[in-house]
Structures are given as structure tokens and as C-alpha cells.
Number of protein chains: 2
Amino acid sequence: MSRIDRDGHPSNPNHIFLTGGASFGVSLMLSMLISNDKSGILIPIPQYPLYTACLARHNGIPIPYYLDESKHWSTNPDEIDRAVAGAQSEGIEVKALVVINPGNPTGALLEEGVMRELVKLCEKHKLVLLADEVYQDNLHQKENHPFISFKKVVREEASNIPLVSFHSISKGATGECGRRGGYFELANVPEEVVELVYKMASVDLNLPLPGQVGVDCMVRPPQPGSPSYDLWKSETGVIHDALARRSTIMVERFNKLPGMSCVPAPGALYLYPRINLPEAAVQAAKDAGKEADMFYAHALLDETGICAIPGSELGQKKGEGHFRLTILCDGVEEYVGQLETFHRRFMKRYQS
Amino acid sequence: MSRIDRDGHPSNPNHIFLTGGASFGVSLMLSMLISNDKSGILIPIPQYPLYTACLARHNGIPIPYYLDESKHWSTNPDEIDRAVAGAQSEGIEVKALVVINPGNPTGALLEEGVMRELVKLCEKHKLVLLADEVYQDNLHQKENHPFISFKKVVREEASNIPLVSFHSISKGATGECGRRGGYFELANVPEEVVELVYKMASVDLNLPLPGQVGVDCMVRPPQPGSPSYDLWKSETGVIHDALARRSTIMVERFNKLPGMSCVPAPGALYLYPRINLPEAAVQAAKDAGKEADMFYAHALLDETGICAIPGSELGQKKGEGHFRLTILCDGVEEYVGQLETFHRRFMKRYQS
């Protein structure tokens with residue numbers, strides 16, 4: 001929906017930059033924020049690896065802050081304070097805070113109170129807030145867990161922190177990743193910096209045209225009374241309902257498996273279950289020269305064809321085991337059934 | 001056409017990287033070549049500004065070498081030798097040589113003998129050769145001025161210089177810039193470096209799908225006997241013939257104008273006429289705080305709507321006046337007629 005409908009606050013078109021997918025915008029903003037080899041960026045752990053990859057590309061320092069699994073993967077401002085202090089003690093200049101909301105891989109949704117605290121924290125440490133909000137339209141429990149944009153919070157708090165919000169067409173109803181469309185919106189960014197962003201963005205010349213068409217469709221969907229509204233509403237409704245249903249079924253069944261627990265995810269397209277693997281499995285992984293969750297994920301792939309991303313690849317703390325699964329697969333019964341069969345067999349194989 | 005048909009030498013698919021247009025490949029390779037703040041890249045002048053923009057973005061040093069207008073904008077290896085020596089005397093580490101063939105903005109085509117000399121020069125100075133060959137299918141005098149790829153020359157010389165060749169669908173028969181498709185091919189690049197390129201290219205996730213389809217169509221066009229060959233041949237033939245005809249007409253008529261001369265361009269989509277402006281025009285430009293060719297181009301735009309890129313924006317030597325025009329405009333008679341009328345009026349306005 002248009003940004004004023006979403007936030008109750010208008011947008012300035014000169015502060016919106018179209019991109020070929022959100023990742024190009026993230027890469028561009030990180031490259032501009034990293035001014036020397038002491039520039040650090042706060043990133044959530046577990047994280048979507050785009051951030052560490054872009055930081056590596058632009059010689060920036062990732063400063064991890066940990067999300068709290070015991071509280072539905074919520075973000076704890078104190079934990080970020082701790083990470084800032086730790087980085088500063090190592091001589092790192094902390095430039096920006098990345099928040100992914102809804103979360104990837106966790107699917108968590110930030111509550112408004114936490115968002116206000118995060119804005120205050122950016123004020124305190126003079127941080128740019130990089131809000132990765134690409135899953136804002138992928139909500140499975142809209143009533144209890146609505147999406148609130150950081151732009152809305154920043155405006156309502158009358159905060160002056162510089163904010164960059166990223167969005168993408170890749171995560172819409174049908175997931176049009178291959179069209180490459182996205183945008184980022186700047187708020188509280190000085191005009192002379194906006195001009196520099198414009199200059200840097202122009203180096204990439206033109207953008208994929210089908211992606212630009214997609215962005216237009218995304219931010220201006222059919223309205224009640226318009227000719228295509230009913231069809232659009234019913235088609236996207238079917239997709240969103242199916243995603244919500246799958247997410248619920250998968251969480252319920254994962255939580256019944258031995259050695260597995262899974263936090264429900266009100267947003268995004270993933271689940272991020274935790275696995276507590278038997279000692280023998282951990283040892284077998286070690287013998288194979290792999291992290292335990294990678295060992296599990298490889299076996300899952302080999303035996304079922306299901307591809308899961310191990311948490312160790314997403315920065316998860318050493319010794320913990322997790323994997324990220326999408327909720328995109330049709331035929332959830334068969335899919336979860338295969339995973340259950342595999343998991344029980346795997347656990348049995350390594351039971352003591 | 002497929003690379004083995006073009007060059008007589010096979011390609012390794014693992015050494016070909018699809019990109020969202022040639023410019024992404026150029027930016028990626030420049031970012032990898034620039035290892036510190038003393039890394040320099042040889043670029044032709046006049047140049048397509050992508051190179052200086054990418055070098056600025058990645059903190060690389062542009063090392064200009066000048067093309068020779070008196071010899072149809074040919075590339076003189078001695079001039080490059082001079083530029084290398086100059087850069088080295090300033091402590092710059094010269095990493096790579098950019099060659100744009102067919103030329104942008106000049107439309108020049110390199111002769112095979114010169115290409116051999118350039119390969120030898122890269123051997124001598126241990127340079128990576130970055131061959132921007134995006135206009136390889138835009139040829140207006142194929143019989144006298146065929147396109148020869150650097151890959152062919154490197155292979156035939158049995159040279160071991162690392163070569164990166166860039167191509168794009170943006171400059172094909174219909175100019176599908178908005179689909180964003182391209183590729184680069186590596187030759188003589190060590191496998192461990194190929195692996196790093198693969199890793200860096202992967203940070204950008206997926207590419208525009210329509211662009212990938214376009215690349216496939218470009219490198220595997222319909223062959224004689226296939227159902228769509230005749231239509232394809234006639235449609236693209238009409239376009240290529242029109243471009244060649246326009247280029248010829250424009251050169252002929254520009255060369256009849258007072259104070260203008262224009263080197264014929266056997267390739268690409270541009271002409272790059274030289275203008276010798278009256279003293280009073282140069283003074284008027286100075287009074288307006290503009291380069292003389294920019295002053296001319298602004299007047300041209302204001303009075304006719306024709307947009308030309310002044311040579312001063314393409315790195316041209318101070319004091320010379322040039323502008324780049326495309327040969328894309330339908331209705332060449334009217335277009336050139338407007339430019340002629342403007343030019344005569346402009347020259348008269350400032351005549352002494």
C-alpha cells in the first residue's frame with residue numbers, strides 16, 4: 001500500500017530510490033556508510049547472510065547482536081547496547097544498526113514498544129537505522145501481530161535519526177524475485193547526503209523495467225471498487241492464507257518431534273527450528289569436519305531432497321543447532337511427513 | 001553468435017558469468033582489481049563515464065590514455081606505454097587496461113595488428129585486459145571493418161594474459177537496456193581467482209530473468225533452416241541497415257558544416273564530431289561558467305531538443321570541443337536538418 005496509507009505520514013518522492021531488488025540498496029547504503037577500515041555495522045544474529053557478504057565486500061566490520069530465542073526471537077536493546085560498548089572498546093566506529101523486521105530467518109515481528117526503544121538507542125549512539133522491511137506484507141497473524149514501519153515510529157517519536165527503509169517485490173504474494181524490483185526510502189537524511197546517494201545510485205544506470213512495474217503494483221495495489229480489486233483480493237488472499245496455514249501446521253508438528261523445538265513465526269516466509277542433537281551425532285559431524293547443524297542439513301538434503309539452511313551459516317552461536325526452512329512448499333503434509341520420518345530416523349541412528 | 005562460431009576457440013561455461021547488464025560486471029571486476037589506494041586502471045579518453053564512476057566508487061585511480069582522432073580514433077600502444085610509465089613514476093600500481101572495442105563514444109574498430117600489440121603490451125606490463133566488447137554486433141561496414149574479439153587474438157597469440165570480455169544485450173538490434181542482461185567471460189584466469197569471482201558474483205543473488213533470456217537469444221540467434229530465421233534475419237537486417245545508413249548520412253553532412261568535422265564510425269551507436277567554436281563562443285561559455293562544448297550542447301538542447309554529450313564530460317583534452325550523438329533517431333533527415341540549422345545559427349551568433 002502507499003506509504004501514507006501505511007504510516008499516516010507522507011513520503012517525499014525525491015527521498016525514494018528504486019533499486020534492482022532490496023539487496024542492491026543494502027549494498028549501496030553499506031558501501032556509503034563504511035568510510036574507513038574501522039567502520040562497524042550492527043547486525044542481528046541469526047542474520048540473513050547478505051549483510052555479512054556485503055560487509056566483506058566493502059571492508060566493513062560486522063558487529064553481531066543476538067536475538068533472544070526464549071522470547072520469540074525478540075530484539076533486546078540492552079543486548080545492542082552491550083554490542084556497541086564491546087565494539088567501541090575495540091576501537092570500532094559504530095555507524096549503523098541493521099534491523100530485519102519481520103525477521104529473516106526468525107519470522108519474528110517487533111513490537112511497537114521495542115521499536116521505540118531501538119529508535120532511542122540510535123539517538124543515543126548516533127546510529128543510522130537500516131530497516132530491512134522486505135517481509136512487511138508477509139503476515140500470518142495480522143490481528144495480534146501487525147506490521148509497524150520504522151518510519152511511523154520515527155515520525156511519531158519526532159526523532160531525527162537517519163532512517164533507511166528497504167522494500168522489495170521479491171517477497172510479495174507470488175515472490176517475483178526474478179524481476180528484480182525494490183526501493184529504499186530515506187528519512188531524516190540531510191539533502192547534501194541525499195544528493196550523494198543519488199549520484200552513487202546513478203552509477204548503476206538503469207534498472208530492470210519489469211521490476212519497476214512490479215514496485216508500482218506493490219505500492220499501489222487495486223483499491224475496493226476498482227475493476228481488478230476482487231480478483232486481486234481473492235488471489236492474494238488464497239496465497240496468504242495458505243502460507244499462514246502451513247506455518248501453523250509446521251510449527252505444531254515440529255514441536256512434537258524429539259529433540260526439536262520451533263518458535264512460531266508471525267511474519268516472513270520461514271521457520272527457524274532448534275535441534276538438540278544426540279552426542280553421537282555431534283561427534284559424527286566433528287569426524288566429518290562439519291558443524292553439527294550442517295551435518296544434519298546435509299543428511300536431510302541427501303535423504304529427502306529438502307534444503308534447509310543450517311544456523312551456523314547464519315551466524316548462530318557456536319554449539320547451538322538450528323535450521324531455516326521456508327513455508328513456501330505446496331503439499332505441506334507430504335513435506336512435513338518426509339521431514340518427520342527423516343528426523344526420527346536420524347535421531348535413532350545416533351541415539352545413545 | 002556462440003563464442004566458438006565467433007572466435008574459432010571454445011568457451012568454458014564455468015568461466016562465463018551472467019550479469020544484470022555489462023556495467024555490473026565492469027563494477028565487480030574493477031572492485032576486485034583495486035586492492036589498495038595505489039591501484040590504477042588504464043582507461044581510454046574519450047571514455048564512457050561508467051569507468052571513471054566505478055573507479056571513484058571503488059577508490060581506484062583512473063590512468064587516462066588518449067585515442068588518436070587524426071587516425072580515426074585508433075589506439076596507439078606507445079601512448080599507453082607512456083601512460084604506464086607516467087603512472088608508475090607517481091607510485092601507482094597499474095593493474096589493468098580497459099579497451100572499448102567498438103569504441104564508445106568514438107565508434108572506432110580496432111585492427112587486428114593493433115590488438116596483437118595491445119596483448120603484447122599487457123604481457124610486458126603484467127596487466128589484466130578488460131575488453132568492453134558490448135558493441136560487437138553493431139557494425140556498419142562489416143566487410144572492411146569486421147569485429148575481432150580479444151579472446152581470438154589472445155588464443156591465436158597463445159598469450160597467457162588474463163582477459164575479461166564484457167558483453168550485453170542492451171546494444172543488440174532493438175536495444176533492450178531495460179531488461180538488464182549481460183555476461184563476462186574470463187580467459188587465462190587462475191582457477192582460484194575464478195572461485196573468488198564466483199563468490200563475489202553470488203553476493204548479488206539472482207539476476208533479472210528477462211535479461212537472462214535475452215542473453216540466451218543473443219548468443220544463440222536463429223540459424224539458417226530454423227523456423228524463425230527468415231523473420232529474424234529480415235527484422236534485424238532492417239535495423240542494422242538503417243543504423244549504417246544514418247551513420248553515413250550524418251557524417252557526410254556534419255563534415256560539410258563550418259567549424260565541424262566528424263570521423264566516420266564503423267561500429268557502435270554513436271558519432272563523435274569535433275567542433276571548432278569561434279573565440280566569442282568560447283568567451284561566452286567562460287562567462288557562463290561552462291566548458292565551451294557544454295555551452296554548445298546546452299544551446300543545442302534548448303533550441304532543438306537534441307541531447308548531445310559534450311566531450312569535456314567524457315574526459316576529452318582541455319581546449320578541444322566535441323560532442324557525442326547517437327545514430328538511433330528515426331527521421332534522420334529532419335534530425336540532421338535541425339542540427340544543421342542550429343549549428344549555422346550558433347556559429348553566426350558568435351562569428352567575429
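How are H11(A) and H12(A) oriented to each other: oblique, or roughly parallel? The points below take this up after some remarks on the model and its two chains.

1. This is a predicted model, in which local features need pLDDT of at least 70 and side-chain atom pairs count only at pLDDT 80 or more, whereas totals for chains, interfaces and linings use all residues. Residues are numbered from 1 along each chain as its sequence is written, with chains lettered from A and ligands numbered from 1 in the order in which they are written.

2. For chain A the mean pLDDT (the predictor's confidence in each residue, from 0 to 100) is 94, and 99% of its residues reach 70 or more. The scores of the model are ipTM 0.85 and pTM 0.91.

3. A turn of 180° with a shift of 0.0 Å along the axis lays chain A on chain B with an RMSD of 0.0 Å, and the two copies are thus related as by a two-fold rotation axis. The superposition is by least squares on the C-alpha atoms of residues with pLDDT of at least 70 in both copies. Among the residues of chain A, Pro208(A) comes closest to the rotation axis, at 3.3 Å (C-alpha).

4. Between the chains, 19 residues of chain A are in contact with 19 residues of chain B, contact requiring that C-beta atoms, placed from the backbone, lie within 7 Å. On the side of chain A that touches chain B, the elements giving two or more residues are helix H3 (50-57) and helix H8 (209-219) of chain A, helices being DSSP runs of H or I with at least four residues. That side divides into nine nonpolar, six polar and four charged residues. Because 100% of the interface residues of chain A are also interface residues in chain B, the copies meet through the same surface.

5. Within chain A, the axes of helix H11 (residues 292-304) and helix H12 (residues 332-349) come within 10 Å and cross at roughly 125°, where axes are lines fitted to C-alpha atoms over the stretch in contact and angles run from 0 to 180 degrees between N-to-C directions. H11(A) and H12(A) are therefore oblique to each other, a class left after angles under 35 degrees (roughly parallel), over 145 (roughly antiparallel) and 65 to 115 (roughly perpendicular).

6. In this pair, Tyr296(A), Ala299(A), Leu300(A), Glu303(A) and Thr304(A) of H11(A) meet Gln338(A), Leu339(A), Phe342(A) and Phe346(A) of H12(A). By class, the contact of H11(A) with H12(A) has six nonpolar, two polar and one charged residues.

Definitions and conventions: Two residues are in contact if their C-beta atoms, placed from the backbone, lie within 7 Å. Ala, Val, Leu, Ile, Met, Phe, Trp, Tyr, Cys and Pro count as nonpolar, Asp, Glu, Lys and Arg as charged, and the others, Gly among them, as polar.
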